[in-house]
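The following exercises are meant to be worked with the sequence and the coordinates open side by side. Each task is followed by a solution that proceeds in steps.

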Amino acid sequence: MRLKDTGLTAQDIKGKVSKYMIETYERFDFLAETGKGMYIYDENGTPYLDFYAGIAVNAAGNCNPRVVAAVQDQAADLMQTFNYPYTIPQALLAEKICTTIGMDKIFYQNSGTEANEAMIKMARKYGVEKYGPDKYWIVTAKESFHGRTFGAMSATGQPDNACQIGFGPMTQGFRYADFNDLQSFKDACDENTIAIMVEPVQGEGGVHPATREFMSGLREFCDEKNILLLLDEVQSGWGRTGAVMSYMNYGIKPDIVSMAKALGGGMPIGAICATSEVAKAFTMGSHGTTFGGHPVCCAAALAEVNEILDKDLPGNAKEVGEYFMQKLRETVPHVKEVRGQGLFVGMEYDGTIDAVEVKHAAMRRHLLITAIGRNVNRMIPPLIVTKEQCDEAAQILKESVEEVAGA
């Protein structure tokens, strides 16, 4: 929908949002009207270089033509049905995902937090049925983030995070250990632990990649103790980290993995993939969803996955991501550390710079990024980004930090 077709002004739209919507977001002061490739455009056609990608969603670019065509074609044929009849997009996408990432079974959801809920439920049901009624505890990482529904936010290891404050007691069944500290995880497990659940890259925790020793150690420990390894790849999956799934960077495979965001290419979809053994925990009626596996979303996801693989966007993420991180180190002042994996990039300041102010200063220069707390900016551009666009982003970030430092 274009503003010119409504008879309204941008200020009218902002006023309606203020009047009618429950606001929990810190808004950018511009109207996003259209998108194409690496850019979001406002109502005047002003381009904004997009290093946000809808929070790691638009991996193949904004409004990727292949994805748009798939959505349009499927919407004209069958927009929605319940999950009793077979549908073509569900089946084709299931085969494509499972064969690509080396997993056995898939269950569709609508979002990342729902995928993590399903992963938690599957692990707990598997443990209780296989080992007994007390075998349902899950160990997650401190500073993790797994979503905003009750199970997912209870798994989140940030008790001071706004997503937990004020909502009453969290769901029982979780313990927390130090990320990248294998011994801490071992110490947190006991005879009632059924699973360890981690993000290969902690996104909301400040963009901290797991070490190879930590991930391989978790896999070995889980195998030794008959504990499931659950990986939350909602942000890191589908090319973001330089591999199709981040766990492939470590040479391991999980028992269950969650995914969302980049999977749908802009349409809402989440999923979990599991081994055949663990997937048996979900029996008739034990879990369900009205919109999970939505035909249009599955068609979009199939087009997005094919685009990611056919264009080797994981390879571009690896090459350009390494280039971009080094460019940031060389260009931007007041930086303590630049870290990440592929095009999952975090830039931490030396304590003198407010990352939220940098975010807004960059937006005024038509670069879209986000902030984690007040000390880290996160850059998660579409995986089609070029080195030249990274140079442009680094220069804008330099100017934005200098503006904030001089304020």
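A disulfide is a pair of cysteine sulfur atoms within 2.5 Å. The model examined here is a predicted one.

**Exercise 1. Cysteines**

Determine how many disulfides the structure holds, taking C63 and C273 as test cases.

Step 1. For C273, the closest cysteine sulfur is that of C98, and because the two sulfurs are 4.4 Å apart, they are too far from each other for a bond.

Step 2. For C63, the closest cysteine sulfur belongs to C297 and lies 15 Å away, which is again too far for a bond.

Step 3. The surroundings of these two cysteines can be added: C273 is buried, with a relative accessible area of 0%, whereas C63, at 49% relative accessibility, counts as partly exposed.

Step 4. The count for the structure is zero disulfides.

**Exercise 2. The setting of L328**

Find the element that holds L328, and decide whether this residue is buried or exposed.

Step 1. L328 is located in helix α11, which spans residues 313-331.

Step 2. Its relative accessibility is 0%, and since buried means under 20%, L328 counts as buried.

Step 3. With residues up to four places away in sequence not counted, L328 touches V338, V345, M347, M379, A394 and L397.

Step 4. A C-alpha separation may be set beside these contacts: the C-alpha atoms of L328 and Q395 are 8.7 Å from each other, although the two residues are 67 apart along the chain.

**Exercise 3. Two packed helices**

Describe how α12 and α13 pack, and name the residues that make the contact.

Step 1. Two packed helices are described by the angle between their axes and by the distance between those axes.

Step 2. For helix α12 (residues 355-364) and helix α13 (residues 387-406), the angle is about 125° and the axes are 9 Å apart.

Step 3. The two helices, α12 and α13, are therefore oblique to each other, and their crossing is right-handed.

Step 4. On the α12 side the contact is made by E357, V358, A361, A362 and R364, and on the α13 side by I396, L397, S400, V401, E403 and V404.

**Exercise 4. An open sheet**

Give the strand order of the open four-stranded sheet, and explain which strands stand at its edges.

Step 1. The order is β1-β2-β3-β15, and the pairing is mixed.

Step 2. β1 (34-36) and β15 (367-368) stand at the edges, since each has a single partner strand, so that one side of each is left without a neighbour in the sheet.

Step 3. Strand β3 (residues 47-50) pairs with β15 in the parallel sense over two bridges, and L49 stands opposite L367 in β15.

**Exercise 5. Strand β5**

Establish how many residues of β5 are buried, and which strands pair with β5 in the parallel sense.

Step 1. Five of the five residues of strand β5 (residues 137-141) are buried, so this strand is largely enclosed by the rest of the structure.

Step 2. Both faces are covered, with W137, V139 and A141 buried on one side and I138 and T140 buried on the other.

Step 3. β5 pairs with strand β7 (residues 193-198) in the parallel sense over four bridges, and V139 stands opposite I196 in β7.

Step 4. β5 also pairs with strand β6 (residues 174-177) in the parallel sense over four bridges, where A141 stands opposite A177.

Definitions and conventions: Residues numbered from 1 in each chain as written. Predicted model: local features only at pLDDT ≥ 70, side-chain atom pairs only at ≥ 80, totals over all residues. Heavy atoms only, no water. Buried < 20%, exposed > 50% of the residue type's maximum accessible area, 1.4 Å probe, protein only. Contact = heavy atoms within 4.5 Å. Pairing = 2+ DSSP bridges. Axes fitted to C-alpha atoms, helices over the stretch in contact; angles between N-to-C directions. Parallel < 35°, antiparallel > 145°, perpendicular 65-115°, else oblique. Left-handed = near helix turned anticlockwise from the far one by under 90°.
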